[in-house]
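Subject: Structure for your review

Dear colleague,

Please find below the structure that I am handing over to you. I would be grateful if you could read the notes after it with the model open beside you.

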Amino acid sequence: IGGDNDKSRRTHGGELSSFWLQASSGESVSHDRSHEQRRPRITRYQELAHYGSRSGHLRKMSVIVTNAKNRIAYAIVKSLGEKGVEVYTADFVPLSMSFASRFSKGHFLYPSPFREQEAFIESIIKNIGRLGANVLIPVFEETFLLSKYKETVSRHVRMAIPDYEQILVAHNKDRWLPIAQRLNIPVPRTVSAVEMRNGNPCTLCFPVLVKPNQGCVHEMAGE
């Protein structure tokens with residue numbers, strides 16, 4: 001989302017829920033807030049929390065938020081719940097914090113998306129139908145898997161996530177360097193551990209910043 005109001009669209013609590021509510025209803029996301037300022041904020045959210053069904057009747061939105069153990073998920077659940085949205089939470093960890101939120105109408109466990117990928121997708125689709133959910137909000141690295149199966153999952157629910165290839169580019173630091181070089185963006189001298197193991201001559205001068213290619217995934221004991 002670009003434009004002069006980028007700062008006002010930072011993805012925290014209320015602003016995040018505002019974007020998701022608009023995206024789920026099929027509305028275009030606009031930066032013109034002149035009309036919004038002339039009416040109470042709560043009225044705007046009440047209107048966004050409903051959308052027209054195919055038959056033309058209004059019905060209340062129902063949302064599934066994954067990775068319920070995550071603090072980001074808890075903030076999303078709280079923000080949506082305060083605006084009257086029906087929220088269900090899900091995770092593969094039994095004692096996930098968002099399960100205990102008063103804004104979580106219910107919760108369910110799904111198989112680990114890291115170890116049982118197909119079973120995870122099947123569970124998500126099954127519970128979408130069981131709960132009658134309209135919107136799915138993935139929070140953490142299960143987004144990768146949902147993006148990979150976006151065509152299949154999107155037949156059952158609305159999601160606002162990038163294509164799989166776009167996520168891979170953004171998440172893999174080793175793919176940033178050629179893009180930056182192509183765009184003439186200055187970058188520090190970079191060498192991979194694989195290149196060094198394969199005998200690439202490289203003299204490192206401190207200070208040196210060492211980072212993994214991808215963010216680390218920490219799973220609970222037993223997973």
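The notes that follow cover the sheet, the nonpolar cores, one helix residue and the salt bridges.

Please bear in mind throughout that this is a predicted model.

The sheet

The open sheet is built from four strands, arranged in the order E5-E4-E3-E6 with parallel pairing. E5 and strand E6 (135-137) take the edge positions, and each has a single partner strand, so one side of each is left without a neighbour in the sheet. From one strand to the next, the twist averages 25 degrees. E3 and E6 run parallel and are joined by three bridges. Along this part of the sheet, Val63 stands opposite Val135 in E6. Helix H4 lies across E3, E4, E5 and E6, and its direction is at about 150 degrees to E5.

The nonpolar cores

The largest nonpolar core comprises 21 residues, and Ile64, Ile124, Leu136, Leu146 and Val153 have the most contacts inside it. At least two residues of this core come from each of E4, helix H4 (117-131) and helix H5 (142-148). H4 gives the most, with six residues. Another core, of 13 residues, lies apart from this one and includes Val63, Val65, Val87 and Ile137. Val63 thus appears twice in these notes: as a member of that core, and as the residue opposite Val135 in the sheet.

A buried polar residue in H4

You may wish to look at Asn127, which is found in helix H4. Asn127 is buried, with a relative accessible area of 8%. Leaving aside residues up to four places away in sequence, Asn127 touches Ile64 and Phe108. Ile64 is also among the residues with the most contacts inside the largest core.

The salt bridges

The count of salt bridges comes to five. Three of them are described here.

Asp91 pairs with Lys69, with 3.0 Å between the closest N and O atoms. Asp91 belongs to strand E4 (residues 86-91), while Lys69 sits in the loop between strand E3 (62-65) and helix H3 (71-82), so the salt bridge ties together parts that are 22 residues apart in sequence. The accessibility of the two partners is as follows: Asp91 is buried, at a relative accessible area of 0%, whereas Lys69 is partly exposed, at 24%.

Lys105 and Glu86 also meet in a salt bridge through their side chains, at 2.7 Å from N to O. This pair links distant parts of the chain, as Lys105 is in strand E5 (residues 104-109) and Glu86 is in strand E4, 19 residues apart. Lys105 is exposed, with a relative accessible area of 56%, and Glu86 is partly exposed, with 22%.

The salt bridge between Glu82 and Lys78 has its closest N and O atoms 2.7 Å apart. Both residues are in helix H3, and because they are four residues apart there, about one helical turn separates them. Glu82 is partly exposed at 44% relative accessibility, and Lys78 is likewise partly exposed, at 33%.

As general background to these pairs, side chains of opposite charge can pair when their charged atoms come close.

With kind regards

Key: Residues are numbered from 1 along each chain as its sequence is written. This is a predicted model: local features need pLDDT of at least 70, side-chain atom pairs count only at pLDDT 80 or more; totals for chains, interfaces and linings use all residues. Side-chain values use heavy atoms; hydrogens and water are left out. A salt bridge is a side-chain nitrogen of Lys or Arg within 4 Å of a carboxyl oxygen of Asp or Glu. Buried means under 20% relative accessible area, exposed over 50%, partly exposed in between (1.4 Å probe, protein chains only). A nonpolar core is a set of buried Ala, Val, Leu, Ile, Met, Phe, Trp, Tyr and Cys residues joined through side-chain atoms within 4.5 Å. Two strands pair if DSSP finds at least two bridges between them. Axes are lines fitted to C-alpha atoms, for helices over the stretch in contact, and angles run from 0 to 180 degrees between N-to-C directions. Contact means heavy atoms within 4.5 Å.
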